[in-house]
Protein chains: 2
Amino acid sequence: MSIQAPKDMERERQSASFSIEALSYFWMGGKEKYIQRQAAYDYIKYDPELVVQPPRNILDFTKEEWREFTMGQIYRLVQLKEELKDNQGLFKEIVEASFNYSESLCMRNGVHETLFRSVVEMMGNNYQRTYWGKLLNDYKVIGCFAMTELGHSSALRGIETTATFDIETDEFVINSPTITSTKWWIGLAGQTATHTAVLAQTIIHGKNVGANWFIVPLRDSVSGEQFSNIRVGDIGTKVGHQGTDNGWIQFHKARVSRKNMMSKWARIDRHGTYQPAPNPAVMYATLIPERLGLVDVSTTLISQALTIAVRYGVVRRQGSKNEQIMDYQSHYAKLIPAISFMYMVKNSLSTIYQQFGILTASGKIEQKLYLDHMGDMHCMSASLKGLSGSLSASILEVCRRCCGGHTYSAYNALGHLTADWNVMTVGGGDDTVLLQQASTYLLHRLNQKIKYNAYPEFKYESSTSYFTYAEELLAAKTWHVKEVDDCLKDLSLIQEALHVILAKRLFSIQQALENGATHNDVLLDANRVAELHCAAFLYSDNARRFSAINNSSLDTSVAIIMRQMTVLWGLYVLRTYGDQGFLEGYISPQQLKDIEKAYLKLCKVLRKDVVGLTDAFGLPDFVLKAPIARYDGNIYQSYFDTILQAPNNTGVPPYHGKYIRPLTEKFSQIPLEKTRNKTQ
Amino acid sequence: MSIQAPKDMERERQSASFSIEALSYFWMGGKEKYIQRQAAYDYIKYDPELVVQPPRNILDFTKEEWREFTMGQIYRLVQLKEELKDNQGLFKEIVEASFNYSESLCMRNGVHETLFRSVVEMMGNNYQRTYWGKLLNDYKVIGCFAMTELGHSSALRGIETTATFDIETDEFVINSPTITSTKWWIGLAGQTATHTAVLAQTIIHGKNVGANWFIVPLRDSVSGEQFSNIRVGDIGTKVGHQGTDNGWIQFHKARVSRKNMMSKWARIDRHGTYQPAPNPAVMYATLIPERLGLVDVSTTLISQALTIAVRYGVVRRQGSKNEQIMDYQSHYAKLIPAISFMYMVKNSLSTIYQQFGILTASGKIEQKLYLDHMGDMHCMSASLKGLSGSLSASILEVCRRCCGGHTYSAYNALGHLTADWNVMTVGGGDDTVLLQQASTYLLHRLNQKIKYNAYPEFKYESSTSYFTYAEELLAAKTWHVKEVDDCLKDLSLIQEALHVILAKRLFSIQQALENGATHNDVLLDANRVAELHCAAFLYSDNARRFSAINNSSLDTSVAIIMRQMTVLWGLYVLRTYGDQGFLEGYISPQQLKDIEKAYLKLCKVLRKDVVGLTDAFGLPDFVLKAPIARYDGNIYQSYFDTILQAPNNTGVPPYHGKYIRPLTEKFSQIPLEKTRNKTQ
C-alpha cells in the first residue's frame, strides 16, 4: 500500500480534464503572479525566521513559542521590506506566502496593517492620516483596534468605554467604567501594541454625542512597560491563533490630546463644539473590508483543508475491493461541491472588492456615493460572511471525517487549521447577527419594489437587482424546466429558479410579518433566505463569467471546468435550499429527485478532476504541514517519520516511578516472555 | 450588566415548568444515585490528585502535564478503590464523576478497564478469563487494545499484522511486516501499557486461518523499558485527549506462548490443529459495547456543551432592547431541540444496553442467541453512533456560535470539549462506514419482508419490527394527519409518518438497485435513511415510555416535560428529514409548513424551561470549567479573574528586546502623552 500510494497520486494528476497549470494561473490571478508566489514560497521555505525548520514542528509549539515566533516573523518581514525595496512585487508575495504558512501571523500583522490602518485612513482627517500613517508604516508605532468589550460585541451601540472632553486641558479622558466595559479580544494588546485605536462614547459638556475613534498610547516605546493609567494584559490560551496576542485593556482616566479623536467625519473644536458624522454608521465602515478580508482568509484556510482531504482520499485504500476511498460517493460527492464553493467565492470576492473600490475610492470615501450604497455593500458582505461561515464549518467537518482518524493527530494540520478558522464565524461580526441584518435589508428592498414601486437606480451592480423583476418572479407558478439536465446547457435556468424562490420566500416572510408575526418569530427563516440570497449571487456572478466557453482571456480547458464548477454550485444550492422552493409549491417532488440525480451525476463526472482542482490552489507541502497530504503521495513513511521526530516520542515517561511502577512491579513476568522478549 | 446576570439566572430557574430536582433525579437514574453522585463530586473537588486546584488551570496544561496528571488520576483511583472498599457505591460514583471532569481520564482508564477487559472476557476461555482477569483487576498488568493499524481501520479484514504458529516451540510469532501494519492510535501504548491485546492474521502451517486476538507483553513491569522485539512509542500531540497516551507498536517477530491466543471461539491445539470461530464476526463483538460506550460518553460531553451555551445565553444581553440573547429564535430554537436529543439518547441507551445484556448475558455470550441477533444489535448501535456523530457535531457548532467569541477562549472549556469529542466520529468505527452497514442491514430486512415474506420472529424487540407492516406502510399515499398540532396529543401520528417515510425511501433505494444502480450510487441516500431509522427508533422508544402522562413511577412534572421533549424530537426529525417524505409525495408543502410552525411554537413554549432542562444534567461548575457558565450567573468577574490567573498574563514579554523594541524605540513619544500617562 505504501508503494501504491505515489502511483495513485500520479494517476490522479494525469486524469484531470484540464491543464492543472492553466487552472493554477487562473486561481492565482495570472501566470506572472503565480510564478512570483512560487518564488516567494521558495524564498521563505528555508528561512528559519519565517518557517519553522525540521526537526522542530510548529504544530507542537506551546503558546509561548507561538507568541514569540510570530512576532519574530513580523520583525523579519519588516527587515525584508527594506532588503527587497527594489523588488516590492516579490516582497508582497512573500508576505502573502507567509500568511498562508501561518494564520496567526496573518491575523497579528493584519491588526496593525489593516485594522489600525483602516481607522487612520478611513476615520482620520488629512493631518491624522499623514501623521499616524507614517508612524505605522515605519512600525515606530504598533497599533491595535479596541472595539469590542467583554460585555459587548455585535451590539456596538452599547459599548460602555467613555471619552470625556476636558475643556480646561483640551484633552479627552478615556475611561472604562465597569468590568463589562473592559476592551476584550484586542489583537496585539496582549504583548505588542504601543498604541490603540479605541471606540468610545464621546461625552462633551456632560452629554453623550455618540461613538468616536481615539488613538491612545498603551506602552512605552522603549521599555514596553504599560502606562500607569492603562491596565492591559494578554487573554491567554485560545482555541487557535496562539501566535496572536489577543488582549484586554482597561482605561483608568487615561488622557489624550483632543487631536487624537479621529476627525474625518465628526469634529470637535477647542471650545467643545461638536459636529457629528453625517451618519453614525460610518464609524463602523472599517468593518466591511475587515469582513471581506475574513472571507478571503477563510477561503485560504478551507482550500488547505480540502487539499489535505483530497490527497489523502486518493491514496488511502479501503473496503472489500481495496478501493481508493475517494471512489465512494460519500467522499467525492461531499468534497467536490465544497471545492466548487472555493472557486465561486474566490471569483466573486474580486467582484465585490471591485464594487467596494468604487464606493470608497481606495480609502478616500466619497460621502454621498458611499452612504447611498452602503446598505447594499453591507448586505453583500454580511450575507457572504454568513454563508461562508456556515458552509465552511460543514466543509471542515467533511474534510475531518474524510481523513478518518488521521487528522486527529495534530501533525496532520487539520485540527490546527480548524482551530484557527473557528474565529471566523464570531469575529468581525457574528454570522447570525449579520444574516439577520442582511435579511432585513432584503425585506426592505423587496418592499420598496412591491409596495412603492420606487426602486432606486444603482450606479453600480446591486446584489438585489433581481428585485427589478419582483412581480414576474412572484407570479411564477412552477419551475418550467423541461429536463433538469438542461441546466447544464442553459445557465439561466437555475438562476431563474433561485430568484423566484428568493422572491417568494421573502414575500411569505413579509406576509407573516404583516399578519402579526414579530421579526423574531421569522428569524430562522429570514436568515436562511439571506444565505440563499448570497448563494444565488455567487451563482449569478459566476454564470455571467463562464456561461460562454469562448472567453478569449481564458484557457479553454479552464473555461470548461469553471463552467462545470458553476453548474455544480447551482445544483448544490438548489438541492440544499430545495425545500424552500417546495414550500412555495414552485418545485415538485420529481424535480427535486431530478436535481439530486443531476447533482450526483455531475459529481461523478468530476471525480477524475479532484486532485487537479485542488492542486491548482498551489499550496506547497510545507504550507500544508500534513504528511498525509504530501504532493508525491508517499504519505505513510512521512507521517511515521513526523511522529518519530516529536518530543518525548519514546522511552520511559518521567512519571513512571511515581504512578506506573508502584502498580505493575507486583506482577512477576511469565518466564517465557521474560526470556524471549528481552528489554532493550 | 454584571449585576443583572445573577438575577437573570435566578429568574430562569424559577420559570421552569417542572421540578428541576425531580428531573435531576430522573436524569441520573434515581434520587439515591443522584445524591451519591453529588457526594462524589464533593469528594473529588478538593482532591489535588483528581482535580486541578486553582490558580492552576487544567485548560492551560501542556501535553506533558496532561499525560502525567491523567496517570496520577488513575493511580489515585486505584488507591481509592482499596480505601473505599466498604463503600463501593461511592467509589463507583467517584470514578464516574472523575470521568465527567476529564474525558482523557475516561478514555485512558477505559482502554484498560473496558477494551482490554472485553477481549479477556468476551474472547478468552475460562482459564484466560480467570488468569488475565485477576491481573488486570489488580493493575499488575496494564493492558491496551491493538486493533487498528496505520493503513487499516474500518476495513479490519485487511489488517496486516501476523501471528505465525511455530510448532517447534509451541509459540506464536507476532510480526509487523510493513510500515502500514504498524499498530496505530493504540491508547496506553504510548507510555503506560505493560501488555497489549493484538488483533493479527493467524498463520498456521503456512495458511492464513483468519484474525485472532493475542496477548503480548510490551514493557518490563519493573523498569518500564520496552522489550527488544517490540518497538513502541507515543503518537504525540493530538487534537484533543492530551491525557491519553495513544501510541504505535511494531512487532519484530515477538514470541508469545500458544496459550496467549484468546480461545473462547477459535482454538488451536499443540499440533496446530485449528478450530475456527463459528462466525468470524464474533472477533469484533467487543466493538458493539465500545460503540455504545462512545455514544454514552458523547452524551456526557454534549450535555456539558449545552449547559455552557444555555447558561451564557440567559445572562448575556444584547440588541436594541438589551434582550437576553436566549430570547432570539436563532438561539432557543436551536438549543432546545438539541437538549431533547440528549434526553432521547440517554433514555434509549438504557433500552439498548438492556437488549445487549440479554444477548451477551453479561459477558458470557450464548453463541446461538448472540449470532441470531447480532445483525440487529449492530444496526442499532451503528446507526446510533452515526446519528449521534453528525448531530452532536452540529450541536457543538451551535453551542460554540451561541457563545459568540467567548468560547474562543480556552478557559471557557468548549474548545477543549469539542477537541476531545472529535474522536467520537472516527474512533470506534467510522460513522460513514457504520451508517452504510446499517443501511445494508435495513435493505436486507425490508427485502426479506417484501420479497420472501419470511420475516423471522425476534426473541427481543428488534429496531426493525416496523417492517412487519411494510406492505401497509408502502401503500400509504399521504400523511393523513388533520392538524399537525394533533401530533402533540397523539404520539403515534409522527411515528407512523416516520415509518412510512422509512419504508418508502428504502423501497426506492431497493428499486434503484434493481434498475442497475450500484450500492455506491445510492450511498448518500442510504446513509441518510439509516440515520432516519435511528432517529425514528429514538422517537418510538421514548413515545412508548412517555405517551401516557400517568406513569406511576415518575413525578408528574417530569412525565409532562419528557413527553414534550419526545414530541419536539419527533417534530425535529420530521422537519429535518421532511425532504425524504416529500420526495415520496407523502408529505405536502402545507404539511411541511405546519410542521415547521408546530416545531417553532413548541420551542417557544419550552423557552422558559431551558435552564431547568440543563440544570438537570447535574454538572457542577468545576466539571464545566467555564466561567461564562457559572451556576450563579456571575460570569464576567469570574471570567476576568480566570484570565488574570493565566501564566504570563501581564508584563513585558521575554522577546520584547529582540523583536519589538528595535522597531518602536525609534519613535519619540508625544510629550503630552509621556507626561500624563506615566509608566508604572
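**Exercise 1. Place A:Gly187 and its annotated partner.**

A:Gly187 sits in the loop between β4 (183-186) and β5 (195-204) of chain A. Strands here are DSSP runs of E, at least two residues; helices are runs of H or I, at least four; both are numbered from the N terminus. This is a predicted model: local features need pLDDT of at least 70, side-chain atom pairs count only at pLDDT 80 or more, and totals for chains, interfaces and linings use all residues. Residues are numbered from 1 along each chain as its sequence is written, chains are lettered from A and ligands numbered from 1 in the order written, and side-chain values use heavy atoms, without hydrogens and water.

Step 1. A:Gly187 is buried, at 8% relative accessible area. Buried means under 20%, exposed over 50%, partly exposed in between (1.4 Å probe, protein chains only).

Step 2. Beyond four places in sequence, A:Gly187 touches A:Val111, A:Cys144, A:Asp245 and A:Asn246. Contact means heavy atoms within 4.5 Å.

Step 3. An unreviewed UniProt entry annotates A:Thr148 and A:Gly187 as "binding site". The two span 40 residues in sequence, yet no two of their C-alpha atoms are more than 10.8 Å apart, so they gather at one spot. UniProt positions follow the numbering used here, feature names are shortened, and annotations may be inferred rather than shown by experiment.

**Exercise 2. Describe the surroundings of A:Thr148.**

Step 1. Locate A:Thr148: the loop between β1 (143-146) and β2 (162-166) of chain A.

Step 2. Check burial. A:Thr148 is buried, with a relative accessible area of 18%.

Step 3. List contacts. Beyond four places in sequence, A:Thr148 touches residues including A:Ser153, A:Thr182 and A:Trp185. Its side chain reaches the backbone oxygen of A:Trp184 at 2.8 Å.

**Exercise 3. Find the polar partners of A:Arg607.**

Step 1. A:Arg607 lies in the loop between α18 (589-606) and α19 (610-615) of chain A.

Step 2. A:Arg607 is buried, with a relative accessible area of 10%.

Step 3. Its side chain makes a polar contact with the side chain of A:Glu12 (2.8 Å). A second acidic-position partner to list is A:Asp327, side chain to side chain (2.9 Å). A polar contact is a pair of N or O atoms within 3.5 Å; within protein, one must be able to donate a hydrogen and the other to accept it, and residues adjacent in sequence count only if both atoms are side-chain atoms.

Step 4. Beyond four places in sequence, other residues in contact with A:Arg607 include A:Val314, A:Tyr332 and A:Ile336.
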